[in-house]
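Biologist: Please take a close look at the aromatic pairing in this structure. Keep it brisk, and give the cut-offs.

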Amino acid sequence: STKATSSQGICYISGEVAAYYSCSSLGAPPSPTCSQYRLSCPQYSCDSTSYLALPSYDCVAFPIVTAVAPTTSSASSSSGLDEPVKLLYLVISAIIAILIGFLLGFIVSLLATKRRRAKAYDSTSLVEDVGH
C-alpha cells in the first residue's frame, strides 16, 4: 500500500474511471456504481458547476445569478433611501435628540444647584458677620 497522493483520500477516482462511469455528469446517477460513489463521497460526486441534490443524489446545475441594477421608481423619494433605512435614521435622530435634552437638563440642574449653594453660603456668612 502507498500513501495517497490526493486530498480526496478514498474518494479519489482517476479521470479515466470518472469518464467511464460519467458520475460527475448532470442528472441522476447513470449506474449503481455511480450511485454508491455519490452516496459515499457526496462532496466529490458532482463537478464544480453543480451540486448534489438529496435524497435523489442527482447532480443539479447551480442557478446562474446575474447582477441586476436597482431601479428607481417614481414612488421613492429624492434621497434614494428605502423606507426601513429612513425609519432607522428617524429613530436614531429621536434618540440623539432625547439624549441631548437630558444632557442639557442635567447641566442646567447642576448650575442651579451650584447657584443655590453659593447663595446659601453667602446668606450664612452674612449672618455670622452680623452676629460678631
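Modeller: Here is the aromatic pairing, followed by its setting. The model is predicted: local features need pLDDT of at least 70, side-chain atom pairs count only at pLDDT 80 or more, and totals for chains, interfaces and linings use all residues. Residues are numbered from 1 along each chain as its sequence is written, and side-chain values use heavy atoms, without hydrogens and water.

Searching the whole structure gives 1 aromatic pair. Its members are tyrosine 51 and phenylalanine 62, with 5.4 Å centre to centre and 35 degrees between the planes. Ring centres of Phe, Tyr and Trp (its six-membered ring) must lie within 6.5 Å; under 30 degrees is stacked, over 60 edge-to-face, the rest tilted. This pair is tilted. Tyrosine 51 sits in strand 1 (residues 50–53), and phenylalanine 62 in the loop between strand 2 (58–61) and helix 3. The two are 11 residues apart. Helices (H or I, at least four residues) and strands (E, at least two) are DSSP runs, numbered from the N terminus.

How buried or exposed are the partners? Tyrosine 51 has 36% relative accessibility; phenylalanine 62 has 45%. Both count as partly exposed, because that class lies between buried (under 20% relative accessible area) and exposed (over 50%), with a 1.4 Å probe and protein chains only.

Now the setting. The protein chain has 3 helices and 2 strands, in the order α-α-β-β-α. Of its 132 residues, 11% are buried. Tyrosine 89 lies in helix 3 (residues 83–131). Tyrosine 89 is partly exposed too, at 48% relative accessible area.
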